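Reader: I would like to go through this model with you, taking a few local features in turn and asking what supports each of them.

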Amino acid sequence: MGQPTRRGIGGFADGIKYFFQGLGWVARHPRQWLFGLIPALIALALYIVALVLLGTYAGDLAAWVTPFADGWSSGARDALRFLLGIVIFGLGLVLAVITFTAVTLLIGEPFYEKLSEHVEEDMGGVRKAADIPVWRSIIRSVRDSLITLGYVLLFTIPLFILGFVPVIGQTVVPVLGAAVSGFFLTVELTTLAMERRGLARKQRFAILRGDRSPALGFGVLVFLIFLIPFGAVFAMPAAVAGATIMVRTRLAPHHPTQDQTAL
């Protein structure tokens with residue numbers, strides 16, 4: 001039987017606890033931690049290149065989207081495009097934080113699949129759903145990540161714009177932004193363990209919405225850690241391990257383990 005479900009503040013604290021359990025697991029298995037760093041480092045290098053290019057050409061992008069300002073005075077035109085360039089780069093940074101997990105999981109799916117399986121085996125094993133061809137798995141992962149990204153943008157872009165509103169933008173918006181980003185980080189990080197149990201995307205979303213408090217607690221903490229320079233790289237293996245533990249013990253505890261199916 002699974003542990004009793006707690007909601008509200010207790011459930012939120014449970015989500016935080018699962019991340020630290022994942023951190024403890026990778027601390028006891030340092031080879032798995034080092035193994036999990038490889039895809040995160042590759043993704044980091046790609047994002048650094050992308051952000052440098054975005055910073056270099058942000059002014060050109062701002063000029064491209066404001067052709068109506070060509071006839072303005074040079075001072076007004078340059079001021080508008082400078083501010084718009086900052087907005088474009090800022091939005092790029094926000095998207096980088098939000099999409100880093102999905103891209104890293106996509107690049108490192110074989111790495112994190114193995115890490116997640118090691119966590120399951122260490123906790124008694126799990127009866128896997130039927131295997132599907134690798135090419136179908138990749139297509140499904142890309143499709144699900146794009147759908148998730150669409151949901152993220154649906155919330156994030158309005159919040160980013162509201163961030164420029166005085167008072168609200170400095171108080172309410174950051175809290176809502178962390179909650180939205182955290183929830184969808186949990187969606188991405190729990191995918192491996194839930195797919196192992198044969199749960200499709202709609203089922204995974206339904207489970208997380210039904211037990212939202214730990215999903216938020218876990219995801220918000222991971223989101224805040226990912227905001228720290230290089231935090232996403234070093235914390236990614238712990239986040240995958242913690243998400244696997246949360247799925248196993250909280251979100252989908254009804255799924256039979258290998259030991260149970262052997263009885």
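Reader: Which side chain does the side chain of D211 join in a polar contact?

Author: This is a predicted model, and in it D211 sits in the loop between helix 8 (201-210) and helix 9 (212-227). The side chain of D211 takes part in a polar contact of 2.7 Å, and the partner is the side chain of R250.

Reader: Is D211 buried or exposed?

Author: Buried means under 20% relative accessible area. Because the relative accessibility of D211 is 8%, the residue counts as buried.

Reader: Where does helix 10 bend?

Author: Helix 10 (residues 231-251) has 21 residues, and a straight helix at 1.5 Å a residue would reach 30 Å, yet its end C-alpha atoms are only 26 Å apart. Of its 21 residues, 19 are buried, so helix 10 is largely enclosed by the rest of the structure. The bend in helix 10 is about 35°, and it is found at P237.

Reader: On which residue is the kink in helix 2 centred?

Author: The 36 residues of helix 2 (residues 30-65) should span 52 Å at 1.5 Å a residue, and the end C-alpha atoms, 48 Å apart, agree with this. Buried residues in helix 2 include Y47, A58 and A62. The helix nevertheless has a kink of about 55°, centred on Y57.

Reader: Is L162 buried or partly exposed?

Author: L162 lies in helix 5 (residues 134-162), and together with V165, V167, I168, V172 and L176 it makes a nonpolar surface patch of about 480 Å². Because its relative accessibility is 41%, L162 counts as partly exposed.

Technical notes
Residues are numbered from 1 along each chain as its sequence is written. This is a predicted model: local features need pLDDT of at least 70, side-chain atom pairs count only at pLDDT 80 or more; totals for chains, interfaces and linings use all residues. Side-chain values use heavy atoms; hydrogens and water are left out. Patches are made of residues with over 30% relative accessible area and no salt bridge: like charges are joined within 9 Å, nonpolar side chains (Val, Leu, Ile, Met, Phe, Trp, Tyr) within 5 Å. Accessible areas come from the Shrake-Rupley method with a 1.4 Å probe; for residues, only the protein chains shown count as cover. A salt bridge is a side-chain nitrogen of Lys or Arg within 4 Å of a carboxyl oxygen of Asp or Glu. Helices (H or I, at least four residues) and strands (E, at least two) are DSSP runs, numbered from the N terminus. Buried means under 20% relative accessible area, exposed over 50%, partly exposed in between (1.4 Å probe, protein chains only). A polar contact is a pair of N or O atoms within 3.5 Å; within protein, one must be able to donate a hydrogen and the other to accept it, and residues adjacent in sequence count only if both atoms are side-chain atoms. The expected span of a helix is 1.5 Å times one less than its number of residues. The bend at a residue is the angle between axes fitted to the seven residues ending there and the seven starting there.
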